[in-house]
Amino acid sequence: MNYPNGRRGSKTNLAPKGKTKPDFSNRGMSLEEDINVTNEYYLQAGVAVVHKKPTPVQIVQVDYPKRSAAVIKEAYFKQASTTDFNGVYRGKYIDFEAKETKNKTSFPLSNVHQHQIDHMRAVQAHGGISFMIIKFTPLDETYLLPSSAIFSFWEDQWNGGRKSIPYAYITNEGIKIPFHYQARVHYATAIDKLYF
């Protein structure tokens with residue numbers, strides 16, 4: 001059977017005549033998934049060793065419906081997580097958080113937690129490289145923003161200041177990360193520009 005647009009069972013075909021639904025078939029992966037693909041490429045190419053940190057979870061209840069299939073019924077986070085990724089690049093420890101926003105004009109600080117800021121400060125104090133990768137989803141733009149550029153906004157929000165970081169500030173103080181086929185979020189180039 002021949003399907004419109006060459007896709008089987010496409011829901012786009014079900015749109016009323018004269019109206020079209022958006023086609024999400026080419027939409028990219030989430031930022032975290034793109035970074036995981038990039039990290040795998042970096043590892044295979046000998047560029048860097050960076051991994052996603054597992055979230056510590058305390059399992060409370062497990063059901064065993066079959067011997068070969070356990071089902072976790074209840075679990076809790078053991079402690080607040082620090083940042084999303086860490087590893088080594090060019091002999092330096094790197095540690096970073098990845099965040100996406102649907103906002104076009106600023107990055108809301110409500111997306112960040114105090115323990116993450118504390119962790120980034122500690123990494124920086126010990127000579128590590130700490131930063132945040134921020135993706136403005138509607139603009140399809142991703143930036144590396146050094147953690148030091150975030151700290152003043154974080155403190156100011158408690159003293160009546162902005163509760164977000166303006167897009168213009170991020171574009172000025174951060175480095176735009178280009179999309180590449182193998183290194184989808186090629187953040188190593190941004191680290192090179194800022195730290196080496």
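**Close-up A. V88 in strand β4 of the predicted model.** V88 belongs to β4, which covers residues 85-89. Its relative accessibility is 43%, so V88 counts as partly exposed. V50 is 38 residues away in sequence, yet the C-alpha atoms of V88 and V50 are 6.2 Å apart. Beyond its neighbours within four places in sequence, V88 is in contact with A48, V49, V50 and I94.

**Close-up B. I133 in strand β7.** Strand β7 runs over residues 129-136 and includes I133. I133 counts as buried because its relative accessibility is 0%. Residues up to four places away in sequence are not counted in its contacts. Those contacts include L31, I35, F96, E97, A98 and K99. T142, Y143, I177, V185 and Y187 also touch I133. V185 sits 52 residues away along the chain, with 9.2 Å between the C-alpha atoms of I133 and V185.

**Close-up C. The largest nonpolar core.** This core holds 22 residues. I35, I94, F96, F131, I133, Y187 and I191 touch the most other members. Two or more residues come from each of α1 (31-45), β1 (48-52), β4, β5 (92-101), β7 and α5 (187-195). Helix α5 gives the largest share, 4 residues.

**Close-up D. Contacts of I191, and another core.** Leaving aside neighbours within four places in sequence, I191 is in contact with Y89, I94, I129, F131, L144 and F196. Apart from the largest nonpolar core lies another core, of 17 residues. V112, M120, A149 and I165 are among its members.

How values were computed: Residues are numbered from 1 along each chain as its sequence is written. This is a predicted model: local features need pLDDT of at least 70, side-chain atom pairs count only at pLDDT 80 or more; totals for chains, interfaces and linings use all residues. Side-chain values use heavy atoms; hydrogens and water are left out. Buried means under 20% relative accessible area, exposed over 50%, partly exposed in between (1.4 Å probe, protein chains only). Contact means heavy atoms within 4.5 Å. A nonpolar core is a set of buried Ala, Val, Leu, Ile, Met, Phe, Trp, Tyr and Cys residues joined through side-chain atoms within 4.5 Å.
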